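Colleague: I'd love a close look at the paired strands of this protein, and at whatever you can tell me about its bound molecules. Could you take me through that part residue by residue?

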Amino acid sequence: MEPAALRSGFNDHISVDSNGGFDCPKNKQPFIIGVAGGTASGKTTVCNQIISQLHDQRVVLVNQDSFYRSLNDDQLVNVHEYNFDHPAAFNTELLLSCMEKLRRGHPVNIPSYDFKSHKSIEPSRLVNPADVIILEGILVLHDFHVRNLMNMKIFVDIDSDVRLARRIQRDTVERGRNIQNVLDQYSRFVKPSFEEFILPSKKFADIIIPRGGDNDVAIDLIVQHILTKLGQHDLCKIYPNINVIFSTFQIRGMHTLVRDVKTTKHDFVFYSDRLIRLVVEHGLGHLPFTEKQIITPTGSVYSGVVFCKRLCGVSVIRSGESMENALRACCKGIKIGKILIHGDGKNGRQLIYEKLPADISSRHVLLLDPVLASGNSAIKAISLLLSKGVPETSIIFLNLISAPEGIHAVCRKFPKLKIVTSEIDSSLDKNYGVIPGMGEFGDRYFGTD
Ligand SMILES: Nc1ncnc2c1ncn2[C@@H]1O[C@H](COP(=O)(O)OP(=O)(O)O)[C@@H](O)[C@H]1O
Ligand SMILES: Nc1ccn([C@@H]2O[C@H](COP(=O)(O)O)[C@@H](O)[C@H]2O)c(=O)n1
Ligand SMILES: [Mg+2]
């Protein structure tokens, strides 16, 4: 098996501004999963099943229960009056600061909570940073700030009678309660708070698991999704609209050649063309299709699909023109428009020239530019397409390399378009050139350097 960095084709030393949230460039962003659901729905059970299937990954489980506020003496005397199912019962500030530290790659002490004494107890638990952090608890999808930390939100959904039966069983055996206590607490606090706070948070879930820990298929799908995300670049975890083509040694070899300053113009063009062709083919895979059955020469039925016909290319002059041949080779007779944007440095991009198909608003658009650097040119080009009536969802931006800065800029502004790239680089230099990059693509491709 290839190392993760090789599989995803990225360079590890990401450094992103404070908005991006990385303050520890060598640490990869963990994949954070929130698991909510009513009491005794099977949250802890589901999390343990996910963790056991992720065997050789670094995973930590954080329980919201650990952040219950300790009761004081007055509260302990009247413990039956206390609502443990209200958001105020938790120290959410402390939970947030612990999660934030873990997210930034720092170890953290998580309090230990005792359900019998209703207090935090010593020792606390030292939790080390991990690739996957699972936060589970009744209200983890209730608070906006907690929810915002998550890359994947799960709600465990189980019939309330089953939950009550399991809660009676668990609380009498494990939490030192008697049946009457459990039933009183349930009708007085647990059920009303479930209806007021927990159930409404279900709408924020990406995945709802019926039957909890009995749902092997759901757990298997979740594990597969996590494994896919772990093999991806951090930015793909943040922005689901980025697609980095699956890296192979062939692709790494081609990148090695086109990035090498010593590579001749002839080889640069040859290997760039090969990479461009792969990106174009991958991009075409994101277009819609319709199903079609045909008869083969053996008289058999083949259930296939028909390509999307309403599409066009738009190249950003001049480097984008290097991608036109590959697009023409894949899509016979495709219309290709052109945009010329001028501008130096970080700000100020000016549209100098445009020639676009008159009916572009009804077409899917493959926007061609081999390098996404600061994102300013891309934003100008995409804004022009939108002003022509092209829906954001109909734009696929194809490039060979992308800088994190450009990805942040484009994906934040246009969260519905797709970017298809072959590698994500480390950063931009002070002149807004991509690092490690491949130099001035247009000059190297057209031989004007
Ligand atoms: N699928 C299941 N079948 C039977 N018992 C279960 C199942 N899932 C959980 N339980 C039991 O129900 C109780 C509550 O489950 P738990 O995972 O602790 O729920 P939660 O964390 O949501 O409160 C526990 O005693 C657990 O062993
Ligand atoms: N001292 C406490 C603290 C919490 N509870 C109950 O625990 C439930 C949350 O834990 P789950 O594992 O069931 O999610 C919650 O419903 C509280 O009522 C308690 O009884 N005593
Ligand atoms: Mg639990």
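Modeller: Happy to! Let's begin with strand β17, residues 401-402, which joins β19 through two bridges in the parallel sense. Within that pairing, Ile401 has Glu423 of β19 as its bridge partner. Please keep in mind that this is a predicted model, where local features need pLDDT of at least 70 and side-chain atom pairs count only at pLDDT 80 or more, while totals for chains, interfaces and linings use all residues. Residues are numbered from 1 along each chain as its sequence is written, chains are lettered from A and ligands numbered from 1 in the order in which they are written, and side-chain values use heavy atoms, with hydrogens and water left out.

Two terms first. Strands (E, at least two residues) and helices (H or I, at least four) are DSSP runs numbered from the N terminus, and two strands pair if DSSP finds at least two bridges between them. Strands of a sheet pair through backbone hydrogen bonds, either parallel or antiparallel.

Back to β17. This strand belongs to an open sheet of three strands, with the order β15-β17-β19 and parallel pairing. At the edges of the sheet are β15 and β19, the latter spanning 423-424, and each of these two pairs on one side only.

Next comes β14, which covers residues 364-368 and is mostly covered, with five of its five residues buried (under 20% relative accessible area; exposed is over 50% and partly exposed lies in between, with a 1.4 Å probe and protein chains only). If you look at the two faces of β14 separately, His364, Leu366 and Leu368 are buried on one side, and Val365 and Leu367 are buried on the other. This strand also has two pairing partners to look at. With β11, residues 311-317, β14 runs parallel and shares five bridges. With β16, residues 395-398, the pairing of β14 is again in the parallel sense, over four bridges. Leu366 is a handy residue to centre your view on: Gly313 stands opposite Leu366, and in β16 the bridge partner of Leu366 is Ile396.

Now to the bound molecules, starting with ligand 1. The residues surrounding ligand 1 (those with a heavy atom within 4 Å) are Gly38, Thr39, Ala40, Ser41, Gly42, Lys43, Thr44, Thr45, Arg166, Arg170 and Asp214. Three polar atom pairs are worth displaying here. On the backbone side, an N or O atom of Ala40 is 2.9 Å from an oxygen atom of ligand 1. From the side chains, Arg170 places a polar atom 2.9 Å from an oxygen atom of ligand 1, and Asp214 has a side-chain N or O atom 3.0 Å from a nitrogen atom of ligand 1.

Ligand 2 has 17 residues around it, the closest being Thr39, Asp85, Tyr113, His118 and Arg167. You will recognise Thr39 from the surroundings of ligand 1. A side-chain N or O atom of His118 sits 2.8 Å from a nitrogen atom of ligand 2. Two arginines reach oxygen atoms of ligand 2: a polar side-chain atom of Arg170 lies 2.8 Å from one, and for Arg177 the distance from a side-chain N or O atom to an oxygen of ligand 2 is 2.8 Å. Arg170 therefore deserves a view with both molecules switched on, as a polar atom pair (N or O atoms within 3.5 Å; within protein, one must be able to donate a hydrogen and the other to accept it, and residues adjacent in sequence count only if both atoms are side-chain atoms) is what counts as a contact here.

Asp85 leads us on to Asn83, a residue in the loop between α3 (73-77) and α4 (92-103). A polar atom of the Asn83 side chain is 2.8 Å from the backbone nitrogen of Asp85. The Asn83 side chain also makes a polar contact of 3.2 Å with the side chain of Ser193.

One last stop is Asp157, which lies in strand β6, residues 152-157. Is Asp157 buried, or partly exposed? Asp157 counts as partly exposed because its relative accessibility is 24%. From C-alpha to C-alpha, Asp157 and Arg211 are 6.6 Å apart in space, although 54 residues separate them in sequence.
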